[in-house]
Amino acid sequence: MGKKNIIITGGAGFIGSHVVRRFVKNHPDLHIINVDALTYAGNLENLKDVEQANNYEFLRIDITDKAAIESLFSSRTIHGVIHLAAESHVDRSITNPIDFVMTNVVGTVVLLNAYKAYGDTENGRFYHVSTDEVYGTLGEDGKFTEETPYDPNSPYSASKASSDHFVRAYHETYKLPVVISNCSNNYGSHQFPEKLIPLMIHNITHNKPLPVYGKGENVRDWLWVEDHARAIETIYFEGRNGETYNIGGNNEWKNIDLVHKLCEIMDRKLDRNAGDSAKLITYVTDRKGHDFRYAIDASKLENELKWSPSVAFDQGFEKTIDWYLENTEWLERVTSGAYSDYYEAMYTSR
Ligand code: NAD
Ligand code: DAU
């Protein structure tokens with residue numbers, strides 16, 4: 001019997017590349033098909049170390065392309081789908097919501113239909129990788145649990161909430177085997193520098209202002225990306241169909257405190273005087289509808305599937321910073337061209 005085919009969508013992106021690498025290396029019995037449109041956020045350089053593996057294949061397909069997706073699913077037996085492809089950046093969703101509806105909602109439904117029509121639904125499953133932002137915002141106290149009602153505030157989180165609802169609806173209506181996870185903010189290597197941490201690292205190295213939104217008091221719960229990838233692997237194989245699992249780092253930081261910590265480490269690593277990088281901090285106009293605080297209660301995943309974060313933040317943060325400093329060429333390449341236009345549009349008059 002041949003290897004079972006597993007499709008991972010969005011495998012050329014930040015989290016997807018870590019998930020693909022983990023599956024290709026840990027599961028030689030599976031054939032991993034990375035389906036990615038290679039938008040501005042997708043980069044095959046992220047997967048150099050697995051591209052020659054004999055259980056790996058890359059297909060450049062836009063998940064909204066119904067004909068191409070149907071043709072793929074009908075041409076061979078697809079055992080399971082791990083769906084990460086998405087428009088993922090909140091600020092972009094505020095300026096251009098329609099792209100988020102297309103990829104995150106329509107693309108997800110195209111994949112659900114194809115898996116329902118042709119996939120190995122007796123034995124495999126459809127896994128939707130989602131976000132804690134679907135739950136809206138927290139005040140000073142409390143955490144999101146799997147029972148927290150959906151209350152999305154940004155076009156991005158509204159599109160992810162909608163796709164979660166479609167996945168659940170396909171389970172209820174068609175008995176499709178599905179599982180969903182909702183994760184907090186990830187940090188680590190290969191993250192596109194529109195997101196807070198790599199953007200700040202890039203700006204510090206170039207002595208550019210560090211744009212902190214509002215008063216910098218918003219809180220995020222940061223998780224090492226490899227721990228997220230390991231959670232996805234665990235849930236894919238051991239989670240229960242129809243269930244949702246929250247994933248978090250139990251590691252809350254106010255943005256301004258995180259940026260100060262980053263500045264201190266960067267001063268040390270770049271042999272600058274203490275305090276030099278922090279002088280670049282610039283408070284800018286707040287994000288519209290900016291969620292105040294996210295925090296995850298991951299006890300269901302911890303108790304049921306015995307997952308917990310493996311990397312202490314201090315250690316993971318240093319490793320992350322080292323990766324960007326050792327891979328300045330990667331950072332320069334992805335920040336050239338279209339990124340410069342985006343940066344101008346987003347920050348010049350902020
Ligand atoms: P990313 O933006 O780095 O990567 C997205 C990938 O999807 C890219 O490779 C891109 O080319 C691909 N893609 C986009 N539109 C596509 C389309 N129409 N067809 C095919 N491919 C397409 O995103 P990320 O940060 O790695 O996030 C991955 C997933 O995890 C997303 O679903 C996101 O909602 C979710 N998530 C992210 C975080 C986080 O902190 N980054 C946290 C929780 C959940
Ligand atoms: O919580 C999970 C989500 O985390 C994922 O679903 C999203 O895909 C991912 O992008 C991330 O969303 P955030 O909006 O929290 O991440 P971002 O890195 O854009 O911003 C983190 C915080 O930093 C947020 O409070 C906004 C703030 N920020 C961000 C940028 C880019 C700034 O202050 N300045 C900036 O320049």
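Reader: Which element gives the largest share of the shell around ligand 1?

Author: In this predicted model, strand 5 makes the largest contribution to the shell around ligand 1, with three residues. Helix 1, strand 5, helix 5 (155-174) and strand 7 (185-187) each supply at least two residues of that shell.

Reader: How many residues surround ligand 1, and which are the closest?

Author: Ligand 1 is surrounded by 28 residues, and the closest are Ile15, Asp36, Ser88, Tyr156 and Lys160. By class, the shell comprises 14 nonpolar, 11 polar and three charged residues.

Reader: Which backbone atoms lie by the oxygen atoms of ligand 1?

Author: A backbone N or O atom of Ile15 lies 2.8 Å from an oxygen atom of ligand 1. A polar backbone atom of Thr39 is 3.0 Å from an oxygen atom of the ligand, and for a polar backbone atom of Asn186 the distance is 2.9 Å. The protein buries 96% of the 830 Å² that ligand 1 exposes when taken alone.

Reader: Turning to ligand 2, what surrounds it?

Author: Ligand 2 has 24 residues around it, of which Thr131, Asp132, Tyr156, Arg287 and Tyr347 are the closest. Tyr156 is thus listed among the closest residues for ligand 1 and for ligand 2. The shell of ligand 2 holds 10 nonpolar, eight polar and six charged residues.

Reader: Which polar atoms lie by its oxygen atoms, and how much of ligand 2 is covered?

Author: A polar side-chain atom of Asp132 is 2.6 Å from an oxygen atom of ligand 2. Asn255 also places a polar side-chain atom 2.9 Å from an oxygen atom of the ligand, whereas Tyr213 does so with a polar backbone atom, at 2.9 Å. On its own, ligand 2 has 690 Å² of accessible area, and the protein covers 95% of it.

Reader: Which element gives the most to that shell?

Author: Strand 8 gives the most, with three residues. Helix 6 (196-205) and strand 8 (210-213) each provide at least two residues.

Reader: Is helix 6 itself enclosed or open, and why?

Author: Helix 6 is largely enclosed by the rest of the structure, because eight of its 10 residues are buried. The buried residues are Ile197, Pro198, Leu199, Met200, Ile201, His202, Asn203 and Ile204. After the helix comes Asn207, which has a positive phi near 55°.

Reader: Where else is phi positive in a residue other than glycine?

Author: Leu38 has a positive phi, near 55°, and so does Lys175, near 60°. Most residues other than glycine have a negative phi. Leu38 is in the loop between strand 2 and strand 3 (56-59), while Lys175 belongs to the loop between helix 5 and strand 6.

Reader: And Lys175, buried or exposed?

Author: Lys175 is exposed, because its relative accessible area is 60%, and the cut-off for exposed is over 50%.

Reader: What about the nonpolar interior: how many residues are in the largest core?

Author: The largest nonpolar core has 40 residues, and those with the most contacts inside it are Ile8, Ile82, Tyr127 and Ile247. The elements giving it two or more residues include strand 1 (4-9), strand 2 (30-35), strand 5 (126-131) and strand 6 (178-183), together with helix 7 (225-238) and helix 9 (299-305). A second core, separate from this one, has 36 residues, among them Leu210, Val212, Trp330 and Met346. In soluble globular proteins, nonpolar side chains tend to be buried together.

Reader: Arg21 is a charged residue. Does it count as buried or exposed, and what does it touch?

Author: Arg21, found in helix 1, counts as buried because its relative accessibility is 11%, against a cut-off of under 20%. Leaving aside residues up to four places away in sequence, Arg21 touches Asn46, Asp49, Val50 and His190.

Reader: Last topic, Asn123: where is it, and is it buried or exposed?

Author: Asn123 lies in the loop between helix 4 (97-118) and strand 5. Asn123 counts as exposed because its relative accessibility is 56%.

Reader: Which side chain does Asn123 join through a polar contact?

Author: The side chain of Asn123 makes a polar contact of 2.9 Å with that of Asp120. As for Ile61, 62 residues from Asn123 along the chain, the C-alpha atoms of the two residues are 25 Å apart.

Notes. Residues numbered from 1 in each chain as written. Chains lettered and ligands numbered in written order. Predicted model: local features only at pLDDT ≥ 70, side-chain atom pairs only at ≥ 80, totals over all residues. Heavy atoms only, no water. Near = heavy atom within 4 Å. Polar contact = N/O pair within 3.5 Å; in protein donor to acceptor, adjacent residues only side chain to side chain. Areas by Shrake-Rupley, 256 points an atom, 1.4 Å probe, with all protein chains shown as cover. Helix = DSSP H or I, 4+ residues; strand = E, 2+ residues; numbered from the N terminus. Core = buried A, V, L, I, M, F, W, Y, C linked by side-chain atoms within 4.5 Å. Buried < 20%, exposed > 50% of the residue type's maximum accessible area, 1.4 Å probe, protein only. Contact = heavy atoms within 4.5 Å.
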